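Dear colleague,

Please find below the structure that I am handing over to you. My notes on what was found in it follow directly after.

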Amino acid sequence: MIDGCPGAWAKGTNIYEPGDRVSKNGIVFECSSGEWSAHCSSEGYEPDVNSDTEHWRMVWTVVGRCTGTIAPTGSPTFDQATVIGCPDEWVKGTTYEEDDLAAVTVSSTPLRKIAYKCKTWPFSGHCSMYGPADSGGDLGWTKEGGCTGTISPTSAPSFDALALVGGCPEKYSTAAEYEAGDRVAFQAAAGTAGSMALGAGWRFIVYECKGWPSSSYCSQDAYKPGSQYDDMAWTVKGHCDGTLSPTAAPTAYVNADCPISAYSECTYEAGLPTPATTIPQCKYNKEVEVTGVACTCGDSGCPTPSPTSTTCTKTVTRISCPAVNNWSSGVSYVEGDVVRVGANMYTCKEWPYYFNCNKAAYTPTTDPDGLWKQAWTESGTCPSSC
């Protein structure tokens, strides 16, 4: 039992951060971390265990029950020198980014200032809109403490080279429609005319469109790579040189037919009006319901339509053994379905992730950090024999 209930949920824009808590009817909910946290204050995501929808579970976690209210906190004390050197005063119209510092003067005699740090995205978008001490300032700023003097000049920044990720994809285009997992190239520096190679001085950075819901911004010019808000839609993957080489095909796997006698669990195929004689070597087990199975009237589990009935049927659950094939846009995948890349098998995740199993951007690949991991789980390899 949690002592004291936090406040009720409120709808708005970026009100809640990961770890923030709200309560409803004595139940405490905590805003989850990750990209989904941006929806903690969005309409349709209000936490409620009695809700008709489950959308709120994507962004909120139940952490316990509570009683009463949280006691008011004491008046804050002022620590004059928790920050060494004061940053520049916050100025309306200045562009502030994540981790930027700004100061606010709270007293002229004696001179006292407080330093604030701009929060991480998506809250950093408020740092240029609201002063740290203004109404709404807590949306974008975090108090660091009192400060004195000025910040010493910093040394020139050093540049850590990005990892080379291979050939360059196509450049970003405002006319293109991008989906999660798509990659584009951004020109960071121009080199010698007549060549686009790294050795000629050209520098290109590779960006990858983020997963949903951030992917909806990837085709919008305001969030294009190299812009102020590109991190809301794109992830930097590294730098590139030249053009992309064709992707090597995975090792071929022949999914041979095996005698059904080798798979006693495949009761669905064995019970067909014309029983199957073979089962694919690489298969998975899937429960199916079969209706109209003959049974003895009056037996347990055998419905009898009327006292005079002499023919009765029932519905039974049997195990089907479908083949594990390559991913296809013509198949509607659900939780538990299995596909393969070469001989490597991948299982479609549970709700809500299985919605992505049918999207080409989430097709399983051999890339260990690919977007596919948000929809599929590695589930072993296909057998080499029956």
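The side chains of Arg183 and Glu208 are joined by a polar contact of 2.8 Å. A polar contact here is a pair of N or O atoms within 3.5 Å; within protein, one atom must be able to donate a hydrogen and the other to accept it, and residues adjacent in sequence count only if both atoms are side-chain atoms. Please note that this is a predicted model, in which local features need pLDDT of at least 70 and side-chain atom pairs count only at pLDDT 80 or more, while totals for chains, interfaces and linings use all residues. Residues are numbered from 1 along each chain as its sequence is written, and side-chain values use heavy atoms, with hydrogens and water left out.

Arg183 belongs to strand S9 (residues 183-189); strands (E, at least two residues) are DSSP runs, numbered from the N terminus. Arg183 counts as partly exposed because its relative accessibility is 33%, and that class lies between buried (under 20% relative accessible area) and exposed (over 50%), with a 1.4 Å probe and protein chains only. When neighbours within four places in sequence are left aside, Arg183 is in contact (heavy atoms within 4.5 Å) with Pro169, Glu170, Val206, Tyr207, Glu208, Lys237 and Asp367. Of Lys237 one may add that it is 54 residues from Arg183 along the chain, with 8.9 Å between the two C-alpha atoms.

I turn now to the sheets. Strands of a sheet pair through backbone hydrogen bonds, either parallel or antiparallel. Two strands are said to pair if DSSP finds at least two bridges between them.

One open sheet has 4 strands in the order S1-S4-S3-S2, with mixed pairing. Its edge strands, S1 (2-5) and S2 (21-24), each pair on one side only. S2 and strand S3 (residues 27-31) run antiparallel and are joined by 4 bridges; Ser23 has Val28 in S3 as its bridge partner.

Another open sheet of 4 strands follows the order S16-S17-S18-S19, and its pairing is mixed. Here the edge strands are S16 (325-326) and S19 (376-381), each pairing on one side only. Strands S17 (residues 338-341) and S18 (residues 344-348) pair in the antiparallel sense over 4 bridges, and Val341 is partnered by Asn344 in S18.

Finally, strands S6 (residues 101-107) and S7 (residues 112-118) pair in the antiparallel sense over 6 bridges, with a hairpin of 4 residues joining S6 to S7. S7 also pairs with strand S8 (residues 141-150), antiparallel and over 6 bridges, where Cys118 stands opposite Trp141.

With kind regards
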